[in-house]
Every structure is written in structure tokens, then in C-alpha cells.
Amino acid sequence: IKHIPIAGRDITYFVQQLLREREPNIPPEQSLETAKAVKERYSYVCPDISKEFAKYDNDPAKWVKTYESTHAISKKKFSVDVGYERFLGPEIFFHPEFSNPDFTTSISETVDNVVQGCPIDVRRGLYKNVVLSGGSTLFKDFGKR
């Protein structure tokens, strides 16, 4: 059993940071709640981050989604364009240095290190039976990556 110090809240904080830098429409008191909703509704794991950036740059109308909500105090509607955040949030499992420079070991590398530390005759069976737990493993295409 191996633990990595990345959880859903880390992804939410990272998405919140990305949205704050790019979207001035988000009420400050609702930025965390907005980031959580964006993460849960729109996030997915991409197979290749550079191809994903190119995909969004070539046809943003097709890939950028709009999140709409109501300001809790003023009751005015606001909207947020959700672009790169869709795949950059879950990407911190594979590139943790994006959000925390102190932790640089990806989930893939952690799994590989654990299996490689076992006797050679059981490694194949271990690779076939990797179990990941937690709500963040529910991101679309997480298992494929």
C-alpha cells in the first residue's frame, strides 16, 4: 500500500487558482465552490497534454465549456468559460509539480516503483491488479492513463 499526498481538494485548489488568474467574473466568496463544480462537472484525464493544448487552441469553440451560476449574495447570474482547467486539474496526478514544487513523483511513477520493488516473478500479476481508490479516480479516462 502506497500513499501519495494528492487529493481531490488539491485539484480543486489548483483549478481555483487557474480560474482566478483568468476569470474576473467569479465572486471571490464563491471561487472555491465554483472551482469544485467545474472540477466535478467538466474535468477529465487526457492521454497527451501537448495534444490537448493543441486541440483547445485549434478549435476553442468546440472544447471550451461554460459554467453558469448565481451570485449567492446579489443573486446576479455569472458565467465562466472553462478551457484548459478541464484537463489541467486531473493532470496534477501525473505532473504534481504543476501545483506543488515539493512533490514531483507522479502516480504512474509511484505505482511503477512499488511494483519494481517486488520479486520479478510477481510483477506481471501486480501490474494487472493495480487498485486506486478515492473520488478522483472517477475522472473520465483515469484508468486508461
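Buried residues account for 37% of the 145 residues in the chain. The structure is a predicted model, and the values that follow were computed from it. The C-alpha atoms fill a box of roughly 65 × 35 × 25 Å along the principal axes. Within the chain there are seven helices and two strands, and, read from the N terminus, these elements follow the order α-α-α-α-β-β-α-α-α. Of the contacts with a separation of 6 or more, 61% are between residues 24 or more positions apart.

A good place to begin a closer look is the pair formed by helix H1 (residues 8-22) and helix H2 (residues 31-42), whose axes come within 8 Å and cross at roughly 110 degrees. Because angles of 65 to 115 degrees count as roughly perpendicular, H1 is described as roughly perpendicular to H2. The crossing of the two helices is right-handed. On the H1 side, the contact is made by Gly-8, Ile-11, Thr-12, Tyr-13, Val-15, Gln-16, Leu-19 and Arg-20. On the H2 side, Ser-31, Leu-32, Ala-35, Lys-36, Val-38 and Lys-39 take part. Sorted by class, the residues of this contact comprise seven nonpolar, four polar and three charged ones.

Helix H2 also lends itself to a simple check of its length. With 1.5 Å allowed for each residue, and the span taken as 1.5 Å times one less than the number of residues, the twelve residues of H2 should span 16 Å, and the end C-alpha atoms are indeed 16 Å apart, so expectation and model agree. Several residues of this helix are buried, namely Ser-31, Thr-34, Ala-35, Ala-37, Val-38, Lys-39 and Tyr-42. Among them, Ser-31, Ala-35, Val-38 and Lys-39 also belong to the contact with H1. The packing partners of the buried H2 residues are not limited to H1: they also include strand E1 (65-70), strand E2 (77-82) and helix H5 (85-91).

Helix H5 leads on to a charged residue that may catch the eye, Glu-91, which is found in this helix. Since buried means under 20% relative accessible area, Glu-91 counts as buried with a relative accessibility of 1%. Which residues are in contact with Glu-91, leaving aside its neighbours within four places in sequence? The contacts are Cys-46, Ile-49, Phe-98 and Arg-145.

Conventions:
Residues numbered from 1 in each chain as written. Predicted model: local features only at pLDDT ≥ 70, side-chain atom pairs only at ≥ 80, totals over all residues. Heavy atoms only, no water. Axes fitted to C-alpha atoms, helices over the stretch in contact; angles between N-to-C directions. Helix = DSSP H or I, 4+ residues; strand = E, 2+ residues; numbered from the N terminus. Parallel < 35°, antiparallel > 145°, perpendicular 65-115°, else oblique. Left-handed = near helix turned anticlockwise from the far one by under 90°. Contact = heavy atoms within 4.5 Å. Nonpolar A, V, L, I, M, F, W, Y, C, P; charged D, E, K, R; others polar. Buried < 20%, exposed > 50% of the residue type's maximum accessible area, 1.4 Å probe, protein only.
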